[in-house]
Amino acid sequence: MGGNRRRHGWTRREALQSLALAGAAAAWSPRSLAQDGGRRIGVALVGLGHYSRDLLAPALQLTRHCRLAGLVTGSPDKLPEWQGTYAIPDRNVYSYDDFHRIADNPDIDAVYIVTPNHLHKPQTLTAAAAGKHVWCEKPMAMDAAEGEAMVKACRDHKVQLTIGYRMQHEPNTRRFMAMAKERPFGRIIKLRADAGWFGWRNGADDAWRLDPARGGGAMYDMGVYCVNAVRYSTGMEPLAISAVDETVRRDIFKAVDETMRFRLEFPEDIVAECVTSFGRNVNTLQIDCERGWYTMTPFQGYEGNAGRASDGTVFTPQLGKTPRMQAEQMDQDALAILGNTAPRVPGEVGVADMRVVDAAFASARENGKRVEIVQG
Ligand code: NAD
């Protein structure tokens, strides 16, 4: 999930407002024209739930290099509103069962997979075999082996695979990534990354996020933000992990983790202390160094990602209102396709995170036993 979760649907009025805003997007975007004579990448959304409806479809209206061209859903009842709002023709609408026919559709260049986590791998394989570029939500898969299969399938079919780590397109985050190399406060000593939201106040909601078979639990949902952040903030791969399941509301979280606390060991004696949770509203990244510190709160919000440093530097939010971050992400990913260049967040980034997640689960099963992480 993102930091500021919004459960109500995207209304027609909001969608039309977003379409009107699209005209202003050119003024906001710092980029030059598309490298392919202004051609827009046709994107099909796979899964029409919260994130597609409330964030990605509106964001696509703000992009300069993409257009919402197709829909893939198992819920035909959703189609009249979607097709009406976004003018999607019947020929560009698919079910999960006939999704492979997308191979014959020249309107669609890329599919964006926004379904529960257990479906990311099979749907990526279908899209790659159909010759379509794949944008896949985080976590990329259920484990690293699935992620590797996704990378291989996309490589074999010569299509791009990029993971929806939207923060890696956010300017303050990109600054933090550069500071991993620059080390403005000297050696990094310790990091802290906490990412969580307080959910299930009123009982049943979001059944798949409570289901281990569909990739439920806080670690998959929010823990990957912590893992990704401490990797990009150090520019290093962790060597080992100790993880403890701190689930409290066992009546709700019967089979998945509500809260996980984990400690990562990096080279140079750097440690990262992380918490991810469905029972705590937390959203902070802090990097402590030998001569100072810098921090961002929230570090994975949809907007308002702000930070400061011990020397008085202030990192003010850069992208403006939701859903501009997602528009920036998809424009960058579209430019990579149009220019045939590497995407900012290729599938391999997701695989590296999944190796850490695999090790976290292995450690938690043995009450925090130290588990070494082997990156391929
Ligand atoms: P959601 O439950 O709101 O939507 C999921 C969609 O998948 C629904 O339309 C549902 O009908 C469909 N679906 C298909 N098969 C299903 C099945 N077997 N079980 C349940 N639903 C099924 O979820 P969401 O919040 O939109 O999350 C979807 C994906 O997007 C997840 O991978 C999640 O981690 C990711 N996500 C990313 C962000 C971000 O900020 N990058 C934010 C939210 C969600």
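**Notebook: backbone details looked up**

I began with Pro 139, which I found in the loop between β5 (133-136) and α5 (144-156). I kept in mind throughout that this is a predicted model.

Which residues does the cis peptide bond at this loop join? I read the pair as Lys 138 and Pro 139, with an omega of about -15 degrees.

I then turned to a second proline, Pro 323, and located it in the loop between β14 (314-315) and α8 (324-339). The peptide bond leading into Pro 323 comes from Thr 322 and is cis, and I noted its omega as near 5 degrees.

My next entry concerns phi values. I looked up Asp 269 and found a phi near 60 degrees, which is positive although the residue is not glycine. Where does Asp 269 sit? I traced it to the loop between β9 (259-265) and β10 (271-277). Is Asp 269 buried or exposed? I entered Asp 269 as exposed, because its relative accessibility of 71% is over the 50% cut-off.

I also checked Asn 340, another residue other than glycine with a positive phi, here near 50 degrees. I placed Asn 340 in the loop between α8 and α9 (347-365); helix α8 (324-339) is also the element that I had recorded on one side of the loop holding Pro 323. For the surface entry, I wrote down a relative accessible area of 68% for Asn 340, so this residue counts as exposed by the same cut-off of over 50%.

Terms used. Residues numbered from 1 in each chain as written. Predicted model: local features only at pLDDT ≥ 70, side-chain atom pairs only at ≥ 80, totals over all residues. Heavy atoms only, no water. Helix = DSSP H or I, 4+ residues; strand = E, 2+ residues; numbered from the N terminus. Buried < 20%, exposed > 50% of the residue type's maximum accessible area, 1.4 Å probe, protein only.
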